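Here are a few notes from my pass through this model, in no strict order. Have a look at the structure first, then see what you make of the points.

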Amino acid sequence: MFTNEQADYLIDLPKKILANDELLNQIQIQQEYPFSKKFILGSSSDFEFTFLLDITQSEKKALKVSLHYQEDQSKIGLLRVDFNGTHKNPETIREDLPKKFHKYAGKWFDYDDHHIHFYVQHYKPLAWALPLIDDEFPIKDIKNNQDVGDSFLSFCKRINLVTRIKLNSILI
């Protein structure tokens, strides 16, 4: 398990997509429905860790999207954004729980309550979430496939993925 500070370090660490033992500077992705991709990530700044970036768009519900990021060896989730998913936050507020989560203790997130999960020490990984409306994540809702691509690219920026991604014809 990690401390909150270690989890923040791992999220902020500059990383690239890793393929065939090479850190890639740029890739091209053709977005299709359902948009589902998995990438292994690594960092030239800290070779101790590798990461898994997983985007999954539901085939049953076209607008259900989950963006998941975890430390790969330990399989501990560090950050996840859910659109049209449900979740309930823990009821218990421990002494070291960051203040931003306090008012959301026990909160139930319904399908329309898009939210972002965080790793918080002393809790099960990704047990705590905040509504996207109360977070800096720029995509607040998914209404179409363009929003799916935009949310993926925004999530890549949030986890400090520095590989340049050409999604269809858009280069970030």
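**Notes on the chain, its pocket and a few residues**

1. Surface first. About 9,000 Å² of the chain is exposed, and 49% of that area is supplied by carbon and sulfur atoms. Keep in mind that this is a predicted model.

2. On overall shape, the chain has a radius of gyration of 16 Å, which agrees with the value near 16 Å that a compact globule of 172 residues would have. The C-alpha trace spans about 45 × 40 × 25 Å along its principal axes.

3. What about the make-up? The chain holds two helices and 13 strands. Of its 172 residues, 51% count as buried. Among contacts in the chain with a separation of 6 or more, 55% are between residues 24 or more positions apart.

4. Now the pocket. The largest pocket has about 200 Å³ of space. It is lined by 14 residues, and the closest to its centre are Asp8, Ile11, Lys100, Phe118 and Tyr119. Two elements, α1 (4-12) and β7 (76-83), give two or more residues to the lining. Of these, α1 gives the most, with five residues.

5. If you are thinking about the chemistry of that lining, how many of its residues are nonpolar, polar and charged? The split is nine nonpolar, one polar and four charged.

6. Two residues in the loop between β1 (16-19) and β2 (22-23) caught my eye, and Asn20 is one of them. Most residues other than glycine have a negative phi. Asn20, however, has a positive phi of about 50° although it is not a glycine. Is Asn20 buried or exposed? With a relative accessibility of 78%, Asn20 counts as exposed, because the cut-off for that label is over 50%.

7. Asp21 is found in the loop between β1 and β2 as well. Its phi is also positive, near 60°, and Asp21 is not a glycine either. The relative accessible area of Asp21 is 78%, so Asp21 is exposed.

8. Last, a residue in a strand: Gln57 belongs to β5, which covers residues 50-57. Why does Gln57 count as buried? Its relative accessibility is 3%, and buried means under 20%. For a sense of distance, the C-alpha atoms of Gln57 and Ala129 are 19 Å apart, while the two residues are separated by 72 residues along the chain.

Conventions. Residues numbered from 1 in each chain as written. Predicted model: local features only at pLDDT ≥ 70, side-chain atom pairs only at ≥ 80, totals over all residues. Heavy atoms only, no water. 1 Å grid on protein atoms, 1.4 Å probe; cavity = no way out; pocket = protein on both sides within 12 Å on 5 of 7 lines; lining within 4 Å. Points joined across faces, edges and corners; volume = space filled by probe spheres on them. Helix = DSSP H or I, 4+ residues; strand = E, 2+ residues; numbered from the N terminus. Nonpolar A, V, L, I, M, F, W, Y, C, P; charged D, E, K, R; others polar. Buried < 20%, exposed > 50% of the residue type's maximum accessible area, 1.4 Å probe, protein only. Rg over C-alpha atoms; globule rule 2.2 N^0.38 Å. Contact = heavy atoms within 4.5 Å. Areas by Shrake-Rupley, 256 points an atom, 1.4 Å probe, with all protein chains shown as cover.
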